[in-house]
Amino acid sequence: MLKEKIISKEAKVGIIGLGYVGLPLAIEAARSGFKVTGFDVNPARVKEINGGNSYIPDVSSEIVKEIREAKCFKATTDFNLLKCLDVIVICVPTPLSEKKEPDVSYIEAATNEISQRLKENQLVILESTTYPGTTEELVLPALERNGLKVGNDFFLAFSPERVDPGNKNYSIKNTPKVVGGVTKECTELVCLFYNQFVDTVVPVSCPKVAEMTKLLENIFRCVNIALVNELSMLGERMGINIWEVIKAASTKPFGFMPFYPGPGWGGHCVPVDPFYLFWKAQKYDFCTEFIELAGKINQNMPYYVVKRIIKALNSQGKSLKGSKVLLLGVAYKKDINDTRESPALKIIEILEEKGALISYHDSYVNLLKVGKKEYKSSPLFETVEKSDCVIIVADHSNIDYQRVLEKASLVVDTRNTLDGIENGKIFRL
């Protein structure tokens with residue numbers, strides 16, 4: 001019985017997709033005692049893992065080596081090994097198409113690989129962020145097409161990932177896990193599985209509720225970030241420091257949660273998830289206007305950052321065209337190497353179109369491709385001294401910003417990194 005296998009840790013676990021979600025999950029499951037096989041279509045990733053190396057900052061190479069030596073974890077590109085497993089978790093990307101519509105092709109591909117090898121008493125869990133209905137409308141029919149029935153022959157559930165890259169306080173283990181099974185038996189089994197290595201598991205009535213939970217979490221952030229971004233732009237016109245306003249409002253012990261303006265949104269979740277629900281809502285003749293408006297405001301921030309750069313340069317009698325502009329940090333947030341949907345990409349694109357000479361420094365990102373052009377991280381202080389303007393886009397902790405300010409001609413601080421410092425060279429959002 002699958003239940004007994006899970007409790008005894010004899011169940012063999014497979015994780016499809018070894019990125020920012022899949023690799024930490026695989027590590028945690030392996031460290032708890034399960035034998036884990038990681039699947040990825042990228043041979044380079046598989047080679048790194050099997051060599052005891054990690055390519056994700058949140059997972060140390062030491063941990064990878066430890067569980068590899070304990071023979072608890074291996075990586076492969078051979079999907080035929082799926083038929084040997086008891087629990088299979090799908091952790092593949094869910095990007096947007098050029099038309100801002102959900103691209104579930106990775107989920108479909110992973111599901112098809114499982115379907116070809118599905119056997120009785122297997123538990124399949126989808127963790128990839130997606131629109132409500134994906135588990136039951138897309139994954140379930142594919143798994144049942146060979147005659148096996150959910151709840152009897154195999155089990156299916158959705159459990160949204162809650163990985164926050166770079167967060168030192170919350171990991172897979174101590175972040176509550178929401179789960180929703182297609183049937184009662186499915187929910188019971190997926191709860192039992194995650195309970196083996198997650199402190200708190202929260203069951204909900206069905207996969208749609210679990211899918212919607214993930215979207216609500218990120219749309220909540222999207223809308224509130226848009227609010228402070230808009231207030232930041234208004235504050236600049238009114239001569240009000242929005243950062244000081246937020247700090248003051250944060251002293252209220254109830255009814256307020258601080259969010260902060262920035263150069264734009266980034267990462268795989270917040271810039272993507274709202275559009276998944278926007279797209280799905282249209283199927284019900286419903287327009288999520290509030291969500292769409294928040295998306296527009298956040299997408300506009302890189303353009304606003306460029307306006308601030310232009311104003312900063314004009315204050316010294318310089319034009320943007322021909323000016324040397326250095327971006328500090330091109331990851332979408334501090335202390336990580338993830339550039340997915342990073343606002344730095346759009347900022348660079350706009351600056352290039354306007355004739356600026358672009359360079360960047362990011363100790364986490366050695367190479368960056370924007371469109372067809374590739375950039376390489378430049379030496380920090382040497383480049384600062386040669387630049388007409390420095391933009392702080394990702395406020396990595398390993399940079400001496402005081403020294404940057406001393407050597408820079410101008411600094412556009414989009415993260416309030418230089419909080420409390422009054423200097424004519426500083427331009428804030």
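## Asparagine 121 and the backbone

Asparagine 121 counts as partly exposed, because its relative accessibility is 33%. This residue belongs to a predicted model. Asparagine 121 sits in the loop that joins α5 and β5. Although asparagine 121 is not a glycine, its phi is positive, at about 70°. Most residues other than glycine have a negative phi.

Glutamate 341 is another residue with a positive phi, here about 55°, and glutamate 341 is not a glycine either. The loop that holds glutamate 341 runs between β9 (324-328) and α12 (343-353). With a relative accessibility of 44%, glutamate 341 counts as partly exposed.

## The whole protein

The protein contains 14 helices and 15 strands. A compact globule of 429 residues would have a radius of gyration near 22 Å, and the 23 Å found for the protein agrees with this. Along the principal axes, the C-alpha atoms fill a box of roughly 75 × 50 × 45 Å. Of the contacts with a separation of 6 or more, 69% are between residues 24 or more positions apart.

Buried residues account for 53% of the 429 residues. The protein exposes about 19,700 Å², and carbon and sulfur atoms supply 51% of that area. There are 54 positive and 53 negative charges, and the mean positions of the two sets are 3 Å apart.

## Cysteines

How many disulfides does a search of the whole structure find? The search finds zero. For cysteine 72, the closest cysteine sulfur is in cysteine 84, and the two sulfur atoms are 18 Å apart, so they are too far from each other for a bond. A disulfide needs the sulfur atoms within 2.5 Å.

Cysteine 72 has a relative accessibility of 16% and therefore counts as buried. Cysteine 91 is buried as well, with a relative accessible area of 9%.

## Glutamate 127 and helix α6

Is glutamate 127 buried or exposed? Its relative accessible area is 3%, so glutamate 127 is buried. Glutamate 127 lies in the loop between β5 (122-126) and α6 (134-144). Leaving out residues up to four places away in sequence, glutamate 127 touches Val21, Leu25, Val89, Ile90, Cys91, Phe158, Ser159, Pro160, Glu161, Lys177 and Tyr194. One of these partners, Cys91, is the buried cysteine described above.

Helix α6 follows that loop. The buried residues in α6 are Thr134, Thr135, Leu138, Val139, Leu140, Ala142 and Leu143. They pack against two helices, α5 (105-115) and α8 (207-238), and against the strands β5 and β6 (154-158).

## Threonine 187 in helix α7

Threonine 187 is part of helix α7, which covers residues 184-194. Threonine 187 is buried, as its relative accessible area is 13%. Not counting residues up to four places away in sequence, threonine 187 touches Gly180, Gly181, Pro203 and Val204.

Threonine 213 is 26 residues from threonine 187 in sequence, and their C-alpha atoms are 16 Å apart in space.

## Glycine 266 and its contacts

Glycine 266 is found in the loop between α9 (242-249) and α10 (273-282). At 13% relative accessibility, glycine 266 counts as buried. Which residues is glycine 266 in contact with, leaving aside neighbours within four places in sequence? They are Pro271, Tyr332, Arg340, Glu341, Ser342 and Pro343. Glu341, among these contacts, is the residue with the positive phi of about 55°.

Glycine 266 and leucine 345 are 79 residues apart along the chain, and their C-alpha atoms are separated by 9.8 Å.

## Leucine 368 in strand β11

Leucine 368 lies in β11, a strand made of residues 367-370. Its relative accessible area is 3%, so leucine 368 is buried. Apart from neighbours within four places in sequence, leucine 368 is in contact with Val330, Thr339, Leu345, Ile348, Tyr360, Lys373, Glu374 and Tyr375. Leu345 is one of these contacts, and the C-alpha distance from leucine 345 to glycine 266 is the 9.8 Å given above.

Where does phenylalanine 254 lie relative to leucine 368? The two residues are 114 residues apart along the chain, and 42 Å separates their C-alpha atoms.

How values were computed: Residues are numbered from 1 along each chain as its sequence is written. This is a predicted model: local features need pLDDT of at least 70, side-chain atom pairs count only at pLDDT 80 or more; totals for chains, interfaces and linings use all residues. Side-chain values use heavy atoms; hydrogens and water are left out. Helices (H or I, at least four residues) and strands (E, at least two) are DSSP runs, numbered from the N terminus. The radius of gyration is taken over C-alpha atoms; the globule rule is 2.2 Å times the number of residues to the power 0.38. Buried means under 20% relative accessible area, exposed over 50%, partly exposed in between (1.4 Å probe, protein chains only). Contact means heavy atoms within 4.5 Å. Accessible areas come from the Shrake-Rupley method with a 1.4 Å probe; for residues, only the protein chains shown count as cover. Lys and Arg count as positive and Asp and Glu as negative; His and the chain ends are not counted. The place of a charge is taken as NZ of Lys, CZ of Arg, CG of Asp or CD of Glu.
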